[in-house]
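Trainee: I am new to this structure and would like a close look at a single part: the surface where the protein meets the DNA. Please take me through that part in one go.

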Protein chains: 2
Amino acid sequence: MPAVSDCIEMLDSETKAVETPEDHAEELRLWLRLLTCTTLIEGEVRGRLRQRFDVTLPRFDLMAQLDKAPDGMTLSDVSKRMMVSNGNVTGLVERLVESGHLDRRTSETDRRVQVIRLTKLGRAEFRRMAAEHETWIADLFADLTPKDVRELMRLLAKTKTSAQKSAGRRRP
Amino acid sequence: MPAVSDCIEMLDSETKAVETPEDHAEELRLWLRLLTCTTLIEGEVRGRLRQRFDVTLPRFDLMAQLDKAPDGMTLSDVSKRMMVSNGNVTGLVERLVESGHLDRRTSETDRRVQVIRLTKLGRAEFRRMAAEHETWIADLFADLTPKDVRELMRLLAKTKTSAQKSAGRRRP
DNA sequence: CCAAATTGTTTTAAGCCTAAAATGTTTCCC
DNA sequence: GGGAAACATTTTAGGCTTAAAACAATTTGG
């Protein structure tokens with residue numbers, strides 16, 4: 001049975017009749033916990049990539065995107081997929097072309113567009129790193145049962161949809 | 001009933017007898033989804049903070065830590081809580097002292113230690129921002145039921161513990 | 001056709017972030 | 001007491017990141 005305060009809150013949010021400042025402490029705590037988990041795991045992966053392969057996480061992420069696209073991607077595609085700014089990708093690509101991991105060429109049909117691909121070296125190095133990376137992730141999530149994983153996937157999918165809708169309401 | 005492949009995997013991971021390369025695609029997908037959710041929400045919050053209050057997310061986060069500690073915190077404390085490097089905090093604090101939001105003084109009992117606090121201005125501005133921030137978070141998570149929120153909290157707590165253990169195994 | 005809007009990328013300016021080395025201070029313990 | 005270890009912070013060097021402005025090329029609608 002829900003607490004009295006929960007009932008009041010539910011009435012408020014459904015009827016939209018009252019303007020009492022609602023309590024969203026639970027959502028706030030959820031957000032902080034989500035952020036903590038991500039920061040923790042991300043930091044761990046970053047450190048391991050640096051120690052084992054002397055590569056940064058953003059470079060690894062970019063190569064991961066390209067590994068899934070044998071025909072290459074445009075910078076815009078990469079920017080959208082990685083959810084980072086355009087200018088960010090420009091610099092990242094510059095350094096990876098410099099180190100011989102990426103190949104970049106201007107599209108034949110649209111001279112605005114730059115198409116980038118992994119070089120043979122880039123692909124080989126990425127595959128080597130990705131194999132080990134996968135075991136790190138498995139270890140980081142080792143305490144979760146297969147059921148936990150499924151349930152988290154489901155709830156995070158719902159979270160993603162919710163956040164996208166909210167973001168859409170701001171920028172329609 | 002679990003699929004055959006699941007049984008084999010379970011046997012492998014329990015007996016540790018076989019060295020076949022296990023499949024951790026599910027964990028990998030979970031990690032990517034977790035990262036997507038965080039990036040999405042973080043970007044949205046960052047943008048709103050900038051538009052509404054002309055403040056960066058790291059500054060807001062630092063002020064949030066200090067708001068919970070009326071007696072102030074040391075830079076190390078802040079660094080641990082925010083899970084960022086020491087040097088990072090130094091610069092962040094510098095700019096917030098400069099803008100009049102923070103007060104910084106050397107500890108009387110230990111001259112290595114710097115104690116920082118919110119100024120009156122800093123606290124007032126933070127409270128104003130935090131109130132609105134809470135509604136953004138509520139909106140971003142609006143599709144989740146109270147039960148979803150509880151369940152996510154539980155699973156993320158488990159995830160955090162798991163990741164901490166894994167990180168501990170690397171750096172004991 | 002052609003001006004205006006749109007699209008893809010780069011540049012700019014500022015700030016964030018890390019790892020590692022350096023600096024100053026305190027504690028430990030012989 | 002005094003040197004070694006530990007601790008708190010800053011500095012350094014390099015890279016990441018963003019938002020906004022600038023530039024270039026294409027598409028669109030009169």
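Mentor: A polar contact here is a pair of N or O atoms within 3.5 Å. With that cut-off in hand, A:Arg50 qualifies, as a polar side-chain atom of this residue lies 3.4 Å from a phosphate oxygen of DNA strand C. Keep in mind that the model is predicted.

Chain B also reaches the phosphates of DNA strand C. An N or O atom in the side chain of B:Thr56 is 3.0 Å from a phosphate oxygen of that strand, and for a polar side-chain atom of B:Arg59 the distance to a phosphate oxygen is 3.2 Å. In total, 24 residues surround DNA strand C, and the closest are A:Ser76, A:Asn86, A:Arg112, B:Ser85 and B:Arg95. Sugar or phosphate makes up 80% of the atoms of DNA strand C within 4 Å of the protein, and bases make up the rest.

As for the elements involved, helix H4 (75-82) and H5 of chain A, together with helix H3 (57-67) and H5 of chain B, each give at least two residues to the surface near DNA strand C. H5(B) has the largest share, four residues. By class, this surface has six nonpolar, ten polar and eight charged residues.

Now turn to DNA strand D. There are 24 residues around this strand, of which A:Ser85, A:Arg95, B:Ser76, B:Asn86 and B:Thr90 come nearest. Of the atoms of DNA strand D that come within 4 Å of the protein, 82% belong to sugar and phosphate.

Both chains have polar atoms beside the phosphates of this strand too. In chain A, a polar side-chain atom of A:Arg95 is 2.2 Å from a phosphate oxygen of DNA strand D, while A:Ser85 places a polar backbone atom 2.8 Å from a phosphate oxygen. In chain B, a polar backbone atom of B:Ser76 lies 2.5 Å from a phosphate oxygen of DNA strand D. Two or more residues of the surface near this strand come from each of helix H3 (57-67) and helix H5 (86-98) of chain A, and helix H4 (75-82) and helix H5 (86-98) of chain B. Here H5(A) gives the largest share, four residues. The residues near DNA strand D divide into six nonpolar, ten polar and eight charged.

Finally, the two chains that hold these residues also meet each other. Their contact takes 57 residues from chain A and 57 residues from chain B, with about 6000 Å² buried between the chains.

Note on methods:
Residues numbered from 1 in each chain as written. Chains lettered and ligands numbered in written order. Predicted model: local features only at pLDDT ≥ 70, side-chain atom pairs only at ≥ 80, totals over all residues. Heavy atoms only, no water. Near = heavy atom within 4 Å. Polar contact = N/O pair within 3.5 Å; in protein donor to acceptor, adjacent residues only side chain to side chain. Nonpolar A, V, L, I, M, F, W, Y, C, P; charged D, E, K, R; others polar. Contact = heavy atoms within 4.5 Å. Buried area = accessible area lost by both parts, 1.4 Å probe.
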